[in-house]
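Colleague: I have some questions about a helix and a strand. Could you take me through them?

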Amino acid sequence: MLVSAKEMLKKAYDGKYSVGQFNINNLEWTKAILQTAQELNSPVILGVSEGAGKYMGGYKTIVGMTNGMIEYYKITVPVCLHLDHGSYQGALDCIDAGFSSVMYDGSHEPIEQNIANTKKLAELCAEKGISLEAEVGSIGGEEDGVVGTGEHADPDECKLIADLGITMLAAGIGNIHGAYPADWRGLSFDTLAKIKGKIGDMPLVLHGGTGIPEKMIAEAISLGVAKINVNTECQWAFQKATRAYIESGKDLQGKGFDPRKLLAPGFEAIKASVKEKMELFGSVNKA
């Protein structure tokens, strides 16, 4: 059964650890993440971008697949299915489809529009028991066609959004989607501390979790980050393992590749990557 992220993030905030959000892109990714979470007794958030939603046959298909796997593999740890960087309409569609959590990314809109849309969604999510993530200050890099420059969020604007009744807040502090450049200046913990001072005990979200040094992860968690998003690292791991298997020619049997064998190395690579991050974030045995 899918659950809201509210309770798992409250426990993470109070316990000074972070729950990992790992984006899913197909059946193998979903299975790998769910099984790893169960093996490590860790709560987990499955992130779905709007592009991934279209690729996988729509949001209702994803809900059905995830619920089916939870039942079939006897997953007992808390699992949240979450829209990542959603538009206003995308959030409405995911709520209708049965997602247990949504993110509305209004960071590219004027603050007045961000507030108006977030307020409407907060009211709807509260009625349905769904957790809601909002964003202030765009995250650097590109994800699913959304490009951000890595802004530092305005703490006063963060408070305006936080006061609308959201569950968690993503605030730009210099973090970037994808690979971090050699001249990256790091996370702005001064900005993060100011934001925390404005919004109090609300869980914060750190996007762009791939490539952030362990010391920075620990400091971010100490300042209220209770959810960390990872996607690129899993993509790299899956790609590398799958390519190596293809180039090995092990499955060339005159009939072409068996997809179950072809994708098995990538599946195991994702499991290893997720395990490493769950251990780093401190969520192991926290279910």
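Modeller: Two strands count as paired if DSSP finds at least two bridges between them. Bear in mind that this is a predicted model.

Colleague: In which sense do E1 and E2 pair, and over how many bridges?

Modeller: E1 covers residues 19-23 and E2 residues 44-48. One bridge joins Asn 23 to its partner Gly 47 in E2. The pairing is parallel, over three bridges.

Colleague: What is the hand of the β-α-β crossover from E1 to E2?

Modeller: From E1 the chain passes through helix H2, residues 27-40, before it reaches E2. With the strands pointing away from the viewer, a clockwise path counts as right-handed. The crossover is right-handed.

Colleague: Which residue of E10 is the bridge partner of Phe 22?

Modeller: E1 also pairs in the parallel sense with E10, residues 225-230, over four bridges. Within E10, the partner of Phe 22 is Val 230.

Colleague: How far apart are the end C-alpha atoms of H6?

Modeller: H6 has 18 residues, 111-128, and at 1.5 Å a residue it should span 26 Å. The model agrees with that expectation: the end C-alpha atoms are 25 Å apart.

Colleague: How wide an arc do the buried residues of H6 cover around the axis?

Modeller: The buried residues are Ile 111, Asn 114, Asn 117, Thr 118, Leu 121, Ala 122 and Cys 125. They lie on the same side of H6, because their arc is only 145°.

Colleague: Which exposed residues does the face of H6 turned away from its buried side carry?

Modeller: The buried residues pack against H5, E4, E5 and H7. The face turned away from them carries the exposed Glu 112 and Glu 127.

Definitions and conventions
Residues numbered from 1 in each chain as written. Predicted model: local features only at pLDDT ≥ 70, side-chain atom pairs only at ≥ 80, totals over all residues. Heavy atoms only, no water. Helix = DSSP H or I, 4+ residues; strand = E, 2+ residues; numbered from the N terminus. Expected span 1.5 Å × (residues − 1). Buried < 20%, exposed > 50% of the residue type's maximum accessible area, 1.4 Å probe, protein only. Arc of directions from axis to C-beta. Contact = heavy atoms within 4.5 Å.
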